[in-house]
Amino acid sequence: MYYVKNQRDGKEIHDPKINLAIEYYLLNEVKLDEPILLFYINNNSIIIGRNQNTYEEVNTSYVEENEVDVVRRFSGGGAVYHDMGVLCFCFITEDDGDSFRDFKKFTSPVIDALHQMGVEGAELKGRNDLVIDGKKFSGNAMYAKNGRMTAHGTLMFDSQIEAVVKALKPKKHKLESKGIKSIRSRVTNIKPFLDDSYQFMNAKDFRDQLLLNIYETDSKEKIKEYVLTDKDWEKIEAFAKQYTSNWDWNYGKSPEFDMERSERLSVGTVEVKMNVRKGNIEDIRIYGDFFGLGEIEDVENKFKGIPYTRNAIKETFDNIDKNKYFGNIDTEELVDLFY
């Protein structure tokens, strides 16, 4: 497995717009004979899922006042807060057809590495969360394209949890479904659980030790690396300009809709907004933290122009590969939400 440093001219990058562009570039254009591992640490930022409505996930007043970057990634899942106490990891590999949504496969190396550092309670729980004693310290997501896939996640090492609480706007049903009163009560940092010999660490020290444990070596010099070239950087910057640094991509134009519904279904939260004119669906947007393989715009386009009736909606879903776009879900769940 190759390790890629997010460095240019020897300087580590903490701009989330560039770091996410690096990840996407590696996925699409750097095909090596082994998988790729990328770590990065971002400045204060909120990274939202591919299918989420930015305005519904972010406390925009707090974000603007505190100069928090908001960047949309290409994978599904929910919004996460990053700061210099959060380590992001990313595995990039060929899509073998069986690994997408298999979070255990890609989080096991991280969990095993944490166990070696004394965090015995670290485990995968639910769909895609890593927890210690029931408290979440890592959210994970996946994205696949053209036979390749990335599995990535965050590790809250020593994050400012109060900022997490203020920057994100959790939906009421998400709080109720977990039987909790606040984000604060259900998240934790890793550092307090490390053995005493690791308590001196900051997030970068933690990353370096995690690397040694994952690669089962005692020296970083023994780790195989792929070094980004000037040509690579040109393409990374072009991608950032088109997507991760682009307001339209990160926020998007958010028109008003006649009908809005949001429910927590078996695959996660799904939210639909529609404009209905003369009995037909004129425009539609689908948001959520579900994990889909395809572009959700393909689904939206199938619904534009059809009659707003239960039968028409069910028939449309019957002709869509729902598992591809939403995950393992029953048609009736979606029909009940849409109609």
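Reader: What makes a space a cavity, and what makes a residue part of its lining?

Author: A cavity is a set of grid points where a 1.4 Å probe fits but cannot get out. Lining residues have an atom within 4 Å of such a point. The model here is predicted.

Reader: How many cavities of 30 Å³ or more are there?

Author: The count comes to 3 cavities. The largest has a volume of about 100 Å³.

Reader: Which residues line the largest cavity?

Author: Leu-20, Glu-23, Tyr-24, Leu-27, Arg-72, Arg-73, Phe-74, Ser-75, Tyr-143, Thr-150, His-152 and Thr-244 do. Two elements, α1 (16-29) and β12, each give two or more residues to this lining. The largest share, 4 residues, comes from α1.

Reader: How do you know how many lining residues are nonpolar, polar or charged?

Author: Each residue type belongs to a class. Arg and Glu count as charged, Leu and Tyr as nonpolar, and Ser, Thr and His fall among the polar ones. So the lining of the largest cavity sorts into 5 nonpolar, 4 polar and 3 charged residues.

Reader: What lines the second largest cavity?

Author: This cavity holds about 70 Å³ of space. Its lining includes Arg-50, Asn-51, Phe-74, Ser-75, Tyr-143 and Glu-295. Also in the lining are Phe-290, Phe-291, Gly-292, Leu-293 and Gly-294. By class, this lining has 5 nonpolar, 5 polar and 2 charged residues. Gly counts as polar, so Gly-292 and Gly-294 go with the polar group.

Reader: Back to β12. Why is this strand called mostly covered?

Author: Buried means under 20% relative accessible area. In β12 (residues 148-156), 9 of its 9 residues are buried, so the strand is called mostly covered.

Reader: How do you know that both faces of β12 are covered?

Author: Take each side in turn. Arg-148, Thr-150, His-152, Thr-154 and Met-156 are on one side, and all are buried. Met-149, Ala-151, Gly-153 and Leu-155 are on the other, and they are buried too.

Reader: What makes β8 and β12 a pair?

Author: Two strands pair if there are at least two bridges between them. Strand β8 (residues 86-94) shares 9 bridges with β12, so they pair, in the antiparallel sense. Leu-87 stands opposite Leu-155 in β12.

Reader: Why does β11 count as paired with β12?

Author: The same cut-off of at least two bridges applies. Here 6 bridges join β11 (residues 135-145) to β12, so they pair, running antiparallel. Tyr-143 stands opposite Thr-150 in β12.

Reader: Which residue in the hairpin of β11 and β12 takes a positive phi?

Author: Asn-146 does, with a phi near 50°. The hairpin has 2 residues between the strands.

Definitions and conventions:
Residues are numbered from 1 along each chain as its sequence is written. This is a predicted model: local features need pLDDT of at least 70, side-chain atom pairs count only at pLDDT 80 or more; totals for chains, interfaces and linings use all residues. Side-chain values use heavy atoms; hydrogens and water are left out. Buried means under 20% relative accessible area, exposed over 50%, partly exposed in between (1.4 Å probe, protein chains only). On a 1 Å grid over the protein atoms alone, a cavity is a set of points where a 1.4 Å probe fits but cannot get out, and a pocket is an open set with protein on both sides within 12 Å along at least five of seven lines; lining residues have an atom within 4 Å of a point. Grid points are joined across faces, edges and corners, and a volume is the space filled by probe spheres set on the points.
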